[in-house]
Amino acid sequence: MLEMATAGDQAGDVTDPLLLGKRIRQLRTDAGLTLADVAGAVGIAPSHLSSLENGKREAKLSELQTIARTVGVGLDALLTPQPPSRRAALEIALEKAQRGPLFAGLGIGPLPVRKSLSNEAIETILALHDELQRVHRERAATPEEARRANAELRRAMRERGNYFGELEAQAAALLTAVGHDGGPLPQRVAAELAAHLGFSLHHVNDLPASTRSVTDLENGRIYLPAHLPPGRDPRTALLQALAGHVLGRPEPADYADFLRQRVETNYLAAALLIPERDAVDFLQRAKQRRELAVDDLRDAFAVSYETAAHRFTNLATEHLGIPVHFLKVSTNGVLSKAYENDSVQFPTDALGAVEGQVVCRKWSARQVFDEPDRFSAYHQYTDKPTGTYWCTSRIESGSAGEFSISVGTPFAHVKWFRGRETTRRGESTCPDPSCCRQAPEPLAARWSGAARPQARIHSSLLAAVPADAFPGVDRGEVYGFLERHAPGTM
């Protein structure tokens, strides 16, 4: 690196020896000086200066100061982070590409960068290199990459309180454009919004099974399923399709980009279903009465409980000053969606990802499955390693079966919520294995090595669940089951 103590800010921008070398050469030739002229002034060999210009050696501050004086410019001009010309930028990019591991792996010798090599030829080579990199990244994508991308996305959402002001503004503008003056979004207005954006709707029976909708941008058509499963909101797929068009994002370059676009699309669709202005007014009035409830938001805007819970997390911190967390958990405790800005500790893998992890069985997200009353919300206080939290949970059904939707907040904020009077209380020390992941010692001693269960979790999630001989299987439950059904105990 540059040995610069007094010009640290400038040197911080010059981290690329290739860029610095190109600029030295450009300034030297513009001044009509030879390698020998400048090298002699600096007190170094011409070969040393040539190595600097080729980006193969790093410069000292004293050398840079003398070079700048010799070519007749200030040090700032030498350290500017912009390439000296379009040609220099192309040559730098080509040099970097040829020094990279992908090019080396091709077994092709480096292409000398001569004046006879046109800009168009360099651009073509760089385009081919970029495409090879894209294909390589696509083929090399692993579950580890996906989990890292999910963890990074949750971090970014936490930093902004899960609130996207720019998307709220887009939703408000769209609703104004079709004359929606507040309240729940009728299906008729959703269709009018499609027409406003230049699309006709077509309900078909042969929509690809892997899709929720298909948008024909060339002919201005949106294809939707003619028949929806019970409980599926017909507005959701349409609004997600429209949101994807309105956002105008290019095709995802990688999995992280795909996740970001999916979050933005779902957010904008939800902001159309539950408009910010109306929802905030509704929630603020409920807070004043100390009657906040996700159920009420669901009923007021005629959406699913999951949509209402998601929307609550969008608005609660930004407009109500309440930190929250959200979970979506399957009947076997596997976590598929999660968000928090209240320091609750979700189960994670070594990369910080939560997808596929198993939630503590003492949390409300799992306790709710044992509740016989499916019509009322389930409330519970749980003492967790980071504090006491209050959660409200409900069970919903989907194509993959039943799952619980939970929204929680730290004890200090529960005073605003309906259900705070609940007497249900749990204590969780997870991720400590002794909390609920390990079977009691006598049971483990009795059945260890004598049980062979088969996991129900989809194979795509097994790589993400905690490491064990049988990933995705709760050994405590298995051993308890065997103990109950063992001969002589029935």
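User: Before we start, what does "buried" mean here, and which residues of α7 are buried?

Analyst: Buried means under 20% relative accessible area. This is a predicted model, and α7 covers residues 86-99. By that cut-off, the buried residues of α7 are Arg87, Ala88, Leu90, Glu91, Ile92, Leu94, Ala97 and Gln98.

User: OK, what span should helix α7 have, and how far apart are its end C-alpha atoms?

Analyst: Helix α7 has 14 residues, and at 1.5 Å a residue the expected span is 20 Å. The prediction agrees with that: the end C-alpha atoms of α7 are 20 Å apart.

User: Which helices help cover the buried residues of α2?

Analyst: Helix α2 runs over residues 17-30, and its buried residues include Leu20, Arg23, Ile24 and Leu27. Among what covers them are α3, α4, α5, α6 and α7.

User: Which residues touch the most other members in the largest nonpolar core, and which domains does this core draw on?

Analyst: That core has 61 residues, and those touching the most other members are Leu239, Leu242, Leu292, Leu297 and Phe312. It draws at least three residues from each of domain 2 (143-273) and domain 3 (323-437).

User: What is Phe312 in contact with, leaving aside its neighbours within four places in sequence?

Analyst: Phe312 belongs to the largest nonpolar core. With those sequence neighbours set aside, its contacts are Leu283, Leu292, Val294, Leu297, Leu320, Val324, Val407 and Phe417.

User: How much space lies in the second largest cavity?

Analyst: The structure holds three cavities of 30 Å³ or more. Residues lining the second largest include Phe346, Trp363, Cys430 and Arg437. The space in that cavity is about 60 Å³.

Definitions and conventions:
Residues are numbered from 1 along each chain as its sequence is written. This is a predicted model: local features need pLDDT of at least 70, side-chain atom pairs count only at pLDDT 80 or more; totals for chains, interfaces and linings use all residues. Side-chain values use heavy atoms; hydrogens and water are left out. Helices (H or I, at least four residues) and strands (E, at least two) are DSSP runs, numbered from the N terminus. The expected span of a helix is 1.5 Å times one less than its number of residues. Buried means under 20% relative accessible area, exposed over 50%, partly exposed in between (1.4 Å probe, protein chains only). A nonpolar core is a set of buried Ala, Val, Leu, Ile, Met, Phe, Trp, Tyr and Cys residues joined through side-chain atoms within 4.5 Å. Domain bounds come from an automatic or database domain assignment. Contact means heavy atoms within 4.5 Å. On a 1 Å grid over the protein atoms alone, a cavity is a set of points where a 1.4 Å probe fits but cannot get out, and a pocket is an open set with protein on both sides within 12 Å along at least five of seven lines; lining residues have an atom within 4 Å of a point. Grid points are joined across faces, edges and corners, and a volume is the space filled by probe spheres set on the points.
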